[in-house]
Amino acid sequence: PRTIYLKDYQEPDYWIDQTDLTFHLGEDHTDVIAVLQVRLNKSKQHEHLPNLVLDGTDMQLLSVSIDNQSIDSNQYTVTTENLSLPVSKEQFVVTINTRIKPQENTSLEGLYRSNDMFCTQCEAEGFRKITYYLDRPDVMAKFSTTIIADPKKYPVMLSNGNLVADEHLADGLRKVKWEDPFKKPCYLFALVAGDLACVDDEFITQSGRKVALKLFTEAANVDKCAHALLSLKRSMKWDEDVYGREYDLDIFMIVAVDHFNMGAMENKGLNIFNSSCVLAKPETATDGTYQRIEAIVAHEYFHNWSGNRVTCRDWFQLSLKEGFTVFRDAEFSADMNSRPVKRIEDANFLRTMQFPEDAGPTSHPVRPASYIEISNFYTLTVYEKGAEVVRMIHNIVGKAGFRKGSDLYFSRHDGQAVTTEDFVKAMEEANNVDLTQFRRWYTQSGTPVVHVSDNYDAANKRYTLTVKQKCPPTPGQIEKAPFHIPFAVGLIDSLGNDMPLDEQGNTTLVLDIKEAEQTFTFNNINEQPLPSLARDFSAPIKIEYPYTRDQLMFLMSHDNDGFNRWDAGQKLAVDIIKELVEHQRAGMTLTLDERLVTAYKSLLTSASLDKAMLAKMLALPSEDYIAEECDVIYPLSIHVARDFVRRTLAVKLHKQFKACYAANNIEKVYQPTADDIAERSLKNICLSYLTLADEQGIELSWQQYQQANNMTDRFSALSILENAVSVKARDYAEQALASFYQQWQHDVQMIEQWLSVQAGGEYTDLEKIHQLMQHEAFDMKNPNKVRALIGVFANRNKVHFHRDDGAGYAFLADQVLVLNRLNPQMASRLLTPITRWKRYDETRGALMKEQLQRIMKEKDLSKDVYEIVSKSLQ
Ligand code: DPP
Ligand code: ZN
């Protein structure tokens, strides 16, 4: 497989100005006619007219003509990847007739079937499975789409833009035509045809235009659309208020499909969503699902400007639209819900999931320099770290400055395909700042580590912070130049108050770290302070500062920064659990540092925390986060140590958890509001501790499972029971799972949850996983089910996935090899846990590596899997 480099980027030889597509949708095959108006790119030097080389795979070429002159097959060349046509004019019309088989397309790229409907996914390079084309985002054309199909089977026939024609043909077929007035790259093309119900709504834009909103789904789901539509209207309003961006078509459509590789796709005017990311009602969706839907609907909607109106020049620039849009949706969610909690969740996610990626074999910069398969670069680095980089710019130029920068960016580049450099330049020029050094965040991979030491000079009332930054070597990048790190710092006095740090009395200052080593001095500091570092997670870095456990307890109750207050608790718990891991490995009896009990007790009894924060602070760091903090990962020891801490807290603070549960177990009509979500999360974390304490807790969970009037409470109880050890709990869990299946077997979203709660269950061994794979509810061709069963098992079921004999790893490799043929994108994503083999103890590392080597020997390895496995073995 060939590596593609950013440094080799060149404009295309030809542009396409207009693309007219006609689809004859059939039960055996689909015929596609593409009429392309092609024009020579005169900004490039040409000695003679180069061949027109179009991308295309997995299709049958029926005929080609240029300017209505049929081209004989000995005049063009077709390979498995291209069609190369001779050219004799600077401007001409190509007509291409191809045949594809959507019914056999299990890759879920291009045109494919999901249940009884046709749908598409073209990002990044799926359009080349529909017709021969210049499948690259810098080629932008106006599109029309004509769909011809049987109206009885496909009463709904959709594409981008506006419906301009609709007629019944003599042969009983129906023909509709859609026109998109905005030019776009082909990755934003979409087509849907099926027997779908529609839920309608509308939005009036700031300039008074009425936009029809339509959510299409299978008829059984019409009662699950309200939340997505509400989220859509809120997003449309928010983008007007915060960014001045108005929607630009008269219709905005969302279609829910069950088979989808990603979460959703921002096709112009016709978003296609994974049904799990759009459908919800209280009986079937948890608070987490409600919030995820709100965020993803917003994300895809925001892409209409950050992605569609202004798009990417090439796929190395993916973070231009994704990092920026994740930042936009995160701010939207923060405005709709609890801002500090959203920040904690995002930073925690980044540290737990992206930091390991950045330290692993597939580490890459936010703007990668090379790839083999672009689908492998829809990563946490491009999305989440990319969003942190945009957030840092936001923090450097301020809210108003950021708006000036985004206004300039959108107006300057509307209708263009641009680069991350163009984005940074707009921010620089609008604000008159110099982001030269800051640009390294786009080109250097790895997580910087900032080591902090301090000194208090009492005689001169002077406090100094000395910071040293370094970034560990990552593949292809041994040496790193220093980053520009915005480092938000507060100083806390012995009473727990923030000290004023400048003449204006500011208590948080953003220090600009630019050197490898740098010292910052604070004057008029009356006593030895305790520093609060990188407040609100001001940069995606790791910090080293030798906090004692007592100091962390102090920060847990006093830091004025919500994020750091929470993080102090995490640090304290990680420190204690890591020590217990060592003790466990040494065969010692485990005892819990009483300070953690004291700290948790004061959380449970303090009146100063809101419920959302309290719920967050009562959750111990995850096993993944603890693993990330260990030099060598011993997954079973981590599991045992963390479990021991949870049980000890549960017993010692039984009274407090019980009181807190009772105080928050308030019966009310389900609403996914921030306050109610906080209350439920607090109640349910208390329940999880109570269940660990005694049989009464198990009875309480069983009772909650049976009486809950919403899925959040019911599912919490179910997963608590599924992970509880007693005979009684096992019995309840079994009863619950059986009745759950009985009741909800026809509800796709519920079955996904049913699979995932079992896959992650502490008592679900490999044999049980094999059984579930045979169950009628499972389907290897449905990515959501693969993720729910195999993905959850490999990522969350530490005990059984990491069993000593390596059978868990061999199982994963087996599934990757099956999916390598069916759906390469899914296959390569599923691999992640074993790519980190170097981080584990020697025995496990060797067992994982063995499986990677086995996969590598497979004959027909997809580019997707090949790239990940080969990089992991380097
Ligand atoms: N649909 C994916 C997203 O919105 C890729 N663009 O992130
Ligand atoms: Zn996106």
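In this predicted model, eight strands come together as an open sheet. Reading across it, the order goes β6-β5-β9-β3-β2-β12-β15-β14, and the pairing is mixed. The sheet's edges are β6, at residues 69-70, and β14, at residues 162-168, and each of these pairs on one side only. One pairing inside the sheet can be followed in some detail: β5 (residues 60-66) and β9 (residues 91-100) run antiparallel and are joined by six bridges. Within this pair, Ile66 sits opposite Val94 of β9.

Step past β5 and the chain enters the loop that links β5 to β6, which is where Asp67 is found. Is Asp67 buried or exposed? It has 11 C-beta neighbours inside 10 Å, and a residue with 12 or fewer counts as exposed, so Asp67 falls in the exposed class. Asp67 still has partners from elsewhere in the sequence: once neighbours within four places are set aside, it is in contact with Phe92 and Val93. Val94 also belongs in this picture, with its C-alpha atom 6.3 Å from that of Asp67, although the two positions lie 27 residues apart along the chain.

Now for the domains. The assignment for this protein lists domain 1 at residues 4-195 and domain 2 at residues 311-443. Taken over C-alpha atoms, their centres are 31 Å apart. Where the two touch, domain 1 puts in 12 residues and domain 2 puts in 13. What kinds of residue make up the domain 1 side of this contact? Eight are nonpolar and four are charged, with no polar residues there.

Next comes the ligand site. Around ligand 1 sit Glu123, Met262, Ala264, Met265, Glu266, His299, Glu300, His303 and Glu322. Sorted by type, this shell holds four charged, three nonpolar and two polar residues. Which elements supply at least two residues each? They are the strand β20 (264-265) and the helix α2 (287-302).

Further along the chain, an unreviewed UniProt entry places a feature called "domain: Peptidase M1 alanyl aminopeptidase C-terminal" at residues 550-874. In the model, this stretch is 75% helix and 0% strand. The C-alpha atoms at the two ends of residues 550-874 are 43 Å apart.

How values were computed:
Residues numbered from 1 in each chain as written. Chains lettered and ligands numbered in written order. Predicted model: local features only at pLDDT ≥ 70, side-chain atom pairs only at ≥ 80, totals over all residues. UniProt positions renumbered as here; feature names shortened; annotations may be inferred. Helix = DSSP H or I, 4+ residues; strand = E, 2+ residues; numbered from the N terminus. Near = placed C-beta within 6 Å. Nonpolar A, V, L, I, M, F, W, Y, C, P; charged D, E, K, R; others polar. Pairing = 2+ DSSP bridges. Domains from an automatic or database assignment. Contact = placed C-beta atoms within 7 Å. Buried ≥ 20, exposed ≤ 12 C-beta atoms within 10 Å, placed from the backbone.
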